[in-house]
Amino acid sequence: MQLKTPLNNSKEPKRNRIISFLTPHRIVVRVALISATLIIISLGLFVLATIPFQRTAILDAMESEAKSTVTSIDQVTATAIITEDFGTVVEHCLRVVQESPSIVYVVVTRNDGFSLIITKKGWEQKNQNGVWVPKGERVANSRFLSSDISQEEVYHYSHPFQYSGIDWGWIHIGLSLKKFNSDISNMYQRTVILALLCLTVGILVAFFFARKLTRPISSLALTTEKVARGDLNARADIQTGDELEHLGHSFNSMTSALQNSQRDIISSREYTENIIKSMNDTLIVISAEGIIEQVNRATLILLGYEENELIGTPIYRILHQIDASKDSDEYLGNLAKIISKGHVSNIETNYRAKNGDLIPVIFSASVMHGTRSTVQGIVCVALDITERKRTEAALHLAKDAAETANLAKSQFLANMSHEIRTPMNGVLGMLDLLLDSKMEESQLRLARMAHSSAEKLLEVINDILDFSKIEAGHLKLLNADFNLRELVNEVREIFLVKAQKRGILFSTSIDEDVPDALHGDTLRLRQILINLLGNALKFTDAGEVSLHVDLAENSGTDMLIRFKVRDTGQGIDAAILPHIFDAFSQADESMARRHEGTGLGLAISKQLVEILGGSIGVETSLGKGSLFWFTARLPQSTPPLKNVATPEPLKTVPEVIPVGRKLNVLLAEDNLVNQEVGKLILECLDCQVDVVEDGACAVEAVFSNNYDLVFMDCQMPEVDGYEATKMIRKRESFTGKERPRVPIIALTAHALEGDRELCLAAGMDDYLSKPFNSSQIATALQKWTQLSNDQPGDE
């Protein structure tokens, strides 16, 4: 037993080597098999190519024999068969058949089918057809044929015979195929033997060269296995002087590069880990299942955890989940959504600290993919925005405070407007009445000066209110169709007399390509023109002021109209130009300035131009005048306005309203001065006036008397004008057609945006802002008493 064991051990490795050598997994076997396959394919192609040639050669030999035999028979039998000397034919053909071992039969056939059939057994006379008398073209032909004449398949050759150029029939020769088959069989045997010999030699040679070829490859494979196991110091030693040696050198270079890359990767990993550790933002790496695998130091500091307390726990231990009922892409409660999208960015959410506090963060996550697009993990980065949230809260409080201050500013502006306009109404109203009375020349001059000063004060108030409206964003455009040339003519009429009195040449012009009919806010456009032309006249002592209008752009849907106001005044200093359109800024800022004003005209004009979709600018030179220009984007009116004559302005206020009787008017006003002003103006217009001082008295007076019109102050004690109007309209709805609806016109010092709408919403029919004058009162009387008389049931 002790002797057999080492013997068996020595045979076992030998058997394994043999099996290993023969296994197809060895490259040497593969190379040998490939070489053998190529040899077999080559031999097969050679055989397939040569056999047809050899077979053709054998057939050609048989055909040559048949032709020579036919020639000998044709020379003897042609005359005999025609003269029906059949004995001569048979005798000659029997001798041919018996002397030739390969000829099986000879058949001589006339065109009428009469045939002499000669075989090795004898001869016979018979009528034949079919292949024995071929139809069509008479040419020699051959085929393999089985017939009742021969028991075996023969090589059948047919040849026509002639005499004196006339076709008489056919000579058929049948040759035995035994020799043909024998030659073919011998050819196949020789080919197979040669192929096997070539194959054996080829395989042996292939194995020899395959072994020589694969030896360095095997060495390279062993070196590769060492490298795969982590031994990057392994090198392949191949010295064949060919491509394999080059491959070995390339492999060694690759291994060296791998060593360097490994060192770089280790260095890069240390570098990345140091960056992650020093990051101020939190970084968490989780698995596809949401388990925390890695955290940085900033995360631990922010949340108050130790590293071992977080590793291996679900991410939702610290990530505050958004309400799952919200159908949002920002819902972080479902990792599948993050994985499907690949990343989420800049989502505001909360981290939950160890002590339970919620920390607001900006959360972003990106999916890491491994091989075959498998999800390797998710990198989550979050930025602590606690300070930002505190800042936002402070800004929100500041915004609320600013809005409260703005509201207080608006309320103050409204109250200021009311408080200033109420006495201004008394001042201007009394001065208007005083100017209409009989006074001495010196008294009239003083009254006119006082009236002029009051009007200038009112202009200052209006400028401040307009600027405040624009600043608060309360200014709304009232767009309508208008005629541009009529607007320019109206503005021209305003300044023409003033310019003539000062000896200044004033002119206006409009280019022909500027359309007449446009759509826009004529009130604001007129205001801009009046501001610019007023400034031009104010700062021009002599010379000329002109207004020119041209077309800057035509887009097809709207027009960009350019207005140019040129003067020959003193010009503007270059140092002041950058601030010329600032609020409360004037060209002359000295204490001894010659021209009055608030410095709001150009600031208001600039803001109005920008609201109209245009721009404004100035070109000036000190001592040589100025050119102010602005543009406004205005759609063309559709359909175009008809050319109508410009209505002449009302020159005087009518002393009596032509309704056929005295108008019965109620004036509701709490201010004594305004009571007196309103009453005097209405009485001058031939009205019967009753005055009440609060809203409650106004309601009772309306339903105690039949008034043609009610002038209602809006701000009164106890019951204001808005509430009083609502009470009147409500009681009128109960009376129905028994009592006609009385027109109510608001008289209020509130002149801000929305005040008119507020009055109309309360049920008033019209709106007059204080200070008002007798012309405005007369116009309102004419308008509303005429409408009241036109209503049915008022007779």
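**Figure 1. A hairpin links strands β2 and β3.** In this predicted model, Gly 122 in β3 is the bridge partner of Thr 119. The hairpin passes from β2 to β3 through two residues. Six bridges hold the pair, and the strands run antiparallel. β3 covers residues 122-127.

**Figure 2. Strand β2 also pairs with β1.** β1 spans residues 103-110 and is joined to β2 by five bridges. These two strands run antiparallel. Val 106 stands opposite Ile 118 in β2. The hairpin of β1 and β2 has three residues between the strands. Look for Gly 113 in this hairpin: Gly 113 takes a positive phi near 95°.

**Figure 3. Strand β2 is covered on both faces.** How many of the six residues of β2 are buried? Six of six are, along residues 114-119. In a regular strand, side chains alternate between the two faces of the sheet. On one side of β2 sit Phe 114, Leu 116 and Ile 118. On the other sit Ser 115, Ile 117 and Thr 119. All of these residues are buried.

**Figure 4. Six strands make an open antiparallel sheet.** The order is β3-β2-β1-β6-β5-β4. Which strands lie at the edges? They are β3 and β4, and each pairs on one side only. From one strand to the next, the twist averages 20°. At the β4 end, five bridges pair β4 with β5 in the antiparallel sense. β5 covers residues 154-163. One pair to find is Asn 141 with its bridge partner in β5, Ser 158.

**Figure 5. Ser 176 sits in strand β6.** β6 runs over residues 166-176. Is Ser 176 buried or exposed? Its relative accessibility is 10%, so Ser 176 counts as buried; the cut-off is under 20%. Leaving aside residues up to four places away in sequence, Ser 176 touches Met 62, Ser 102, Val 104 and Glu 152.

**Figure 6. Helix α3 has the expected span.** Helix α3 holds 14 residues, from 86 to 99. At 1.5 Å a residue, they should span 20 Å. The end C-alpha atoms are 20 Å apart, which agrees. Which residues of α3 are buried? They are Phe 86, Val 89, Val 90, His 92, Cys 93, Leu 94, Val 96 and Val 97.

**Figure 7. Asn 252 is buried in helix α5.** This helix covers residues 243-278. Asn 252 has a relative accessible area of 13%. That is why Asn 252 counts as buried, since the limit is under 20%. Residues up to four places away in sequence are not counted as touching; among the rest, Asn 252 touches Arg 235 and Ala 236.

**Figure 8. Helix α14 has a buried side.** Its 13 residues, 672-684, should span 18 Å at 1.5 Å a residue. The end C-alpha atoms are 18 Å apart, in agreement. Buried here are Asn 674, Gln 675, Val 677, Gly 678, Ile 681 and Leu 682. They cover an arc of only 170° around the axis, so they lie on the same side of α14. An α-helix has 3.6 residues a turn, so residues three or four places apart point the same way. On the other side of α14, Leu 672 and Cys 684 are exposed.

**Figure 9. The two ends of α14.** At the start of α14, look at Asn 671. A side-chain oxygen of Asn 671 comes to within 3.1 Å of the backbone nitrogen of Val 673. Just after α14 comes Asp 686, with a positive phi of about 65°.

**Figure 10. Five parallel strands form a second open sheet to view.** Read across, the order is β20-β19-β21-β22-β23. The pairing is parallel. The edge strands are β20 (687-692) and β23 (766-769), and each pairs on one side only. Neighbouring strands are turned by 20° against each other on average, direction ignored. Four bridges join β21 (residues 709-713) to β22 (residues 744-748). Val 710 stands opposite Ile 744 in β22.

**Figure 11. Helices α15 and α16 meet strands of the parallel sheet.** Helix α15 takes in residues 695-704. α15 lies across β19, β20 and β21, and runs at about 165° to β19. Helix α16, residues 721-735, packs on the sheet. Which strands does α16 touch? It touches β21 and β22. The direction of α16 makes about 145° with that of β21.

How values were computed: Residues are numbered from 1 along each chain as its sequence is written. This is a predicted model: local features need pLDDT of at least 70, side-chain atom pairs count only at pLDDT 80 or more; totals for chains, interfaces and linings use all residues. Side-chain values use heavy atoms; hydrogens and water are left out. Two strands pair if DSSP finds at least two bridges between them. Axes are lines fitted to C-alpha atoms, for helices over the stretch in contact, and angles run from 0 to 180 degrees between N-to-C directions. Contact means heavy atoms within 4.5 Å. The expected span of a helix is 1.5 Å times one less than its number of residues. Buried means under 20% relative accessible area, exposed over 50%, partly exposed in between (1.4 Å probe, protein chains only). The arc is that of the directions from the helix axis to the C-beta atoms. A polar contact is a pair of N or O atoms within 3.5 Å; within protein, one must be able to donate a hydrogen and the other to accept it, and residues adjacent in sequence count only if both atoms are side-chain atoms.
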